[in-house]
Amino acid sequence: MPQTPLIAHEALRVELDPERQRYSLFDREEFIGFLDFTRRGEVLDLQHTIIKEEFARHGYARALVTIVLERVWGRDERIIPTCSYVVHFLERFPQYAWLAVGADDVPDDGAAAPVHGRHTA
């Protein structure tokens, strides 16, 4: 089983902006990019991962998605992986795949079926 991806950037900060429905990534004070979502109760529909062009291909998208998924895991919530980057991330790091539910699996009240998992690595 693949290990949890290591985050090589030491000064990263992820901030939740609930009004804009996104997680913003900063390296020190520099804005790097964001992962936007819509909330459906206890489920986050992860829609787009956007990293500024000058920071592309340096591991920032992986770091951002890892941190967001760890937070989702810690809150015992679930995700809908609409974003293609998140889909590929889940294929590469299947230890997070159990967090995903299909859009059709989420009732109107947003309560995903309870699934309890913990780190095994």
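**Aromatic pairs and overall fold**

Tyrosine 23 is buried, with a relative accessible area of 1%. That value comes from a predicted model. The protein contains two helices and five strands, and along the sequence these follow the pattern β-β-β-β-α-β-α. Seven aromatic pairs are present in the structure.

**Tyrosine 23 and phenylalanine 37**
- Tyrosine 23 and phenylalanine 37 are an aromatic pair, with 5.4 Å from centre to centre and 40° between the planes.
- The pair counts as tilted, because an angle of 40° is neither under 30 degrees nor over 60.
- Distant parts of the chain are linked by this pair: tyrosine 23 lies in strand β2 (residues 22-27) and phenylalanine 37 in strand β3 (residues 30-40).
- The two residues are 14 residues apart.
- Phenylalanine 37 has a relative accessible area of 6%, and therefore it is buried under the 20% limit.

**Phenylalanine 26 and phenylalanine 31**
- The ring centres of phenylalanine 26 and phenylalanine 31 are 5.7 Å apart.
- Their planes meet at 70°, so the pair is edge-to-face; the cut-off for that class is over 60 degrees.
- Phenylalanine 26 has 14% relative accessibility and counts as buried, whereas phenylalanine 31, at 26%, counts as partly exposed.
- The reason for the split is the 20% cut-off: 14% for phenylalanine 26 is under 20%, while 26% for phenylalanine 31 falls between 20% and 50%.

**Arginines over rings**
- Phenylalanine 26 also has a charged group over its ring: the charged end of arginine 13 sits there, 4.5 Å from the ring centre.
- Arginine 22 places its charged end over the ring of phenylalanine 34, at 4.2 Å from the centre of that ring.

**Aromatic cluster**
- Trp73, Phe89, Phe93, Tyr96 and Trp98 are joined into a cluster by ring pairs.

**Whole-protein figures**
- The protein has 121 residues, of which 41% count as buried.
- Among contacts with a separation of 6 or more, 49% are between residues 24 or more positions apart.
- About 7,100 Å² of the protein is exposed, and carbon and sulfur atoms supply 51% of that area.

How values were computed. Residues are numbered from 1 along each chain as its sequence is written. This is a predicted model: local features need pLDDT of at least 70, side-chain atom pairs count only at pLDDT 80 or more; totals for chains, interfaces and linings use all residues. Side-chain values use heavy atoms; hydrogens and water are left out. Rings of Phe, Tyr and Trp (its six-membered ring) pair if their centres lie within 6.5 Å; planes under 30 degrees apart count as stacked, over 60 as edge-to-face and the rest as tilted. Helices (H or I, at least four residues) and strands (E, at least two) are DSSP runs, numbered from the N terminus. Buried means under 20% relative accessible area, exposed over 50%, partly exposed in between (1.4 Å probe, protein chains only). A charge sits over a ring if NZ of Lys or CZ of Arg is within 6 Å of the ring centre and within 35 degrees of the ring normal. Contact means heavy atoms within 4.5 Å. Accessible areas come from the Shrake-Rupley method with a 1.4 Å probe; for residues, only the protein chains shown count as cover.
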